[in-house]
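User: I would like to go through the reasoning behind some labels attached to this model, with each value set against its cut-off.

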Amino acid sequence: MYAVEVRDHVMIAHSFRGDLFGPAQALHGATFIVDVAFFRKELTAEGVVVDIGRAHEALKTVLSPLNYRNLDDLPQFAGCNTTTEFLSRHIFDAMAKAARGGALGPGGEGIDHIRVTLHESHVARAWFEGLVARA
């Protein structure tokens, strides 16, 4: 299996509901390092997994509506705890849609699966990995 990974970051604010979260129930900020890995069984005719430039642009597009925002105020997250795990799935869904929709350019349609890793700090990270379902 071949893979290519791109990286960016996003700065957000949010709070959590529930005693499990202790002091994180209060509004707080986070800067996530976001890695997105694209996997495929065979390389394209050009010898790549996916165009790195287009993959990075797609990631920036996905992160842009979240950057410098209080996630508690975004309607799509109403009633959700925007945990690191939750956000990794949210970003995965958007990146899979980008792959299916051609945003990754020629060869993007051959992506088998994607893994999105959010580095919450130097000691903690979470990820979601799944198949890129075809319509």
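What follows is a short exchange on a helix pair and a pocket in this predicted model.

User: Why are α1 and α2 called oblique to each other?

Analyst: Helix α1 (residues 52-63) and helix α2 (residues 84-100) pack at an angle of about 135°, with their axes 10 Å apart. Angles over 145 degrees count as roughly antiparallel and those from 65 to 115 as roughly perpendicular, the rest above 35 being oblique, and α1 and α2 are therefore oblique. The crossing of α1 past α2 is right-handed.

User: What makes the residues of the contact of α1 with α2 nonpolar, polar or charged?

Analyst: On the α1 side Ala55, Ala58, Leu59, Val62 and Leu63 take part, and they meet Ile91, Ala94, Met95 and Ala98 of α2. Since Ala, Val, Leu, Ile and Met count as nonpolar, the division comes to nine nonpolar, no polar and no charged.

User: How do you know which element supplies the largest share of the lining of the largest pocket?

Analyst: The largest pocket, with about 210 Å³ of space, is lined by 14 residues, of which His14, Phe16, Phe32, Thr84 and Glu120 lie nearest its centre. At least two lining residues each come from β2 (28-40), α2 and β5 (125-131), and β2, with four residues, has the largest share. By class, the lining divides into six nonpolar, five polar and three charged residues.

Methods. Residues are numbered from 1 along each chain as its sequence is written. This is a predicted model: local features need pLDDT of at least 70, side-chain atom pairs count only at pLDDT 80 or more; totals for chains, interfaces and linings use all residues. Side-chain values use heavy atoms; hydrogens and water are left out. Axes are lines fitted to C-alpha atoms, for helices over the stretch in contact, and angles run from 0 to 180 degrees between N-to-C directions. A crossing is left-handed if the near helix is turned anticlockwise from the far one by less than a right angle, and right-handed if clockwise. Contact means heavy atoms within 4.5 Å. On a 1 Å grid over the protein atoms alone, a cavity is a set of points where a 1.4 Å probe fits but cannot get out, and a pocket is an open set with protein on both sides within 12 Å along at least five of seven lines; lining residues have an atom within 4 Å of a point. Grid points are joined across faces, edges and corners, and a volume is the space filled by probe spheres set on the points.
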